[in-house]
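Colleague: I'm new to this one, so could you take me closely through a single part, the core and whatever packs around it? Please start with the order of the elements so I don't get lost.

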Amino acid sequence: MAVTWRGARRSISMATSVPNGPVPDDVCFLLQLDIGTKEDLWAECFFVQVVTPNNRPHRCQDTRHIEIPRYSFAVLRDHANRVIAACQRDTWDESLKELRKRFHWQYEPRRP
């Protein structure tokens, strides 16, 4: 079973203090990833906080996160693809278990 990030259906929700977009070394935003199998048309939603070292103190401690030295979509995309590929297992349930270690799954209860 091949697990894939459905790039055409991904959406990025960004909240930064910079009105004209992120400053490459000063970002902190929530990323939504739609991840499913190549064989099926459905996908599950996962969330992860993306931070750069300047924003490390601002990230929520109980939130799964990706830390990158400087923001660039290409770097983030490559990192996400590597992480998702590392979660690939023989079945979706096994893959889901690995994905939930790295991302918040849409069905996980949110902590206050």
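Modeller: Reading from the N terminus, the elements of the protein chain go β-β-β-β-β-α-α-β. That makes 2 helices and 6 strands; helices (H or I, at least four residues) and strands (E, at least two) are DSSP runs, numbered from the N terminus. Bear in mind that this is a predicted model, where local features need pLDDT of at least 70, side-chain atom pairs count only at pLDDT 80 or more, and totals for chains, interfaces and linings use all residues. Residues are numbered from 1 along each chain as its sequence is written, and side-chain values use heavy atoms, with hydrogens and water left out.

Now the core. A nonpolar core here is a set of buried Ala, Val, Leu, Ile, Met, Phe, Trp, Tyr and Cys residues joined through side-chain atoms within 4.5 Å. Buried means under 20% relative accessible area, exposed means over 50%, and partly exposed is in between (1.4 Å probe, protein chains only). The largest such core has 20 residues, and those with the most contacts inside it are Phe 29, Leu 31, Ile 35, Phe 46, Leu 76, Leu 99 and Phe 103. Four elements give two or more residues to this core: β3 (28-37), β4 (44-51), α1 (73-86) and α2 (92-102). Of these, β3 gives the most, with 4 residues. As background, nonpolar side chains tend to be buried together in soluble globular proteins.

Let's stay with β3 for a moment. Of its 10 residues, 8 are buried, so β3 is largely enclosed by the rest of the structure. It runs antiparallel to β4, and 8 bridges join the two; strands count as paired if DSSP finds at least two bridges between them. One of the matches is Gln 32, whose bridge partner in β4 is Phe 47. Between β3 and β4 there is a hairpin, which joins them through 6 residues.

Next door to Phe 47 in the sequence is a core residue with plenty of company. Leaving out residues up to four places away in sequence, Phe 46 touches Leu 31, Gln 32, Leu 33, Ile 35, Leu 96, Leu 99, Arg 100, Phe 103, His 104 and Trp 105, where a contact means heavy atoms within 4.5 Å.

What about the aromatic rings? Rings of Phe, Tyr and Trp (its six-membered ring) pair if their centres lie within 6.5 Å; planes under 30 degrees apart are stacked, over 60 edge-to-face, and the rest tilted. By that rule there are 3 aromatic pairs. In one of them, the rings of Phe 29 and Tyr 71 have centres 5.6 Å apart and planes at 80 degrees, so this pair is edge-to-face. Phe 29 sits in strand β3 and Tyr 71 in the loop between β5 (65-67) and α1, so the pair ties together parts that are 42 residues apart in sequence. Both Phe 29 and Tyr 71 are buried.

Trp 42 and Trp 92 make another edge-to-face pair, because their ring centres are 5.1 Å apart and their planes are at 80 degrees. Trp 42 is in the loop between β3 and β4 while Trp 92 is in helix α2, so here the parts tied together are 50 residues apart in sequence. The two rings aren't covered alike: Trp 42 is partly exposed, with a relative accessible area of 35%, whereas Trp 92 is buried, at 12%.

That brings us to α2. Its buried residues are Trp 92, Ser 95, Leu 96, Glu 98 and Leu 99. They cover an arc of only 165 degrees around the axis, so they lie on the same side of α2; the arc is that of the directions from the helix axis to the C-beta atoms. On the face turned away from that buried side you'll find the exposed residues Asp 93, Lys 97 and Lys 101.

Glu 98 deserves a look of its own. It lies in helix α2 and is buried, with a relative accessible area of 12%. Apart from neighbours within four places in sequence, Glu 98 is in contact with Cys 87 and Arg 89. Its C-alpha is also 7.8 Å from that of Gln 88, which is 10 residues away in sequence.

Finally, for the chain as a whole, 39% of the 112 residues count as buried.
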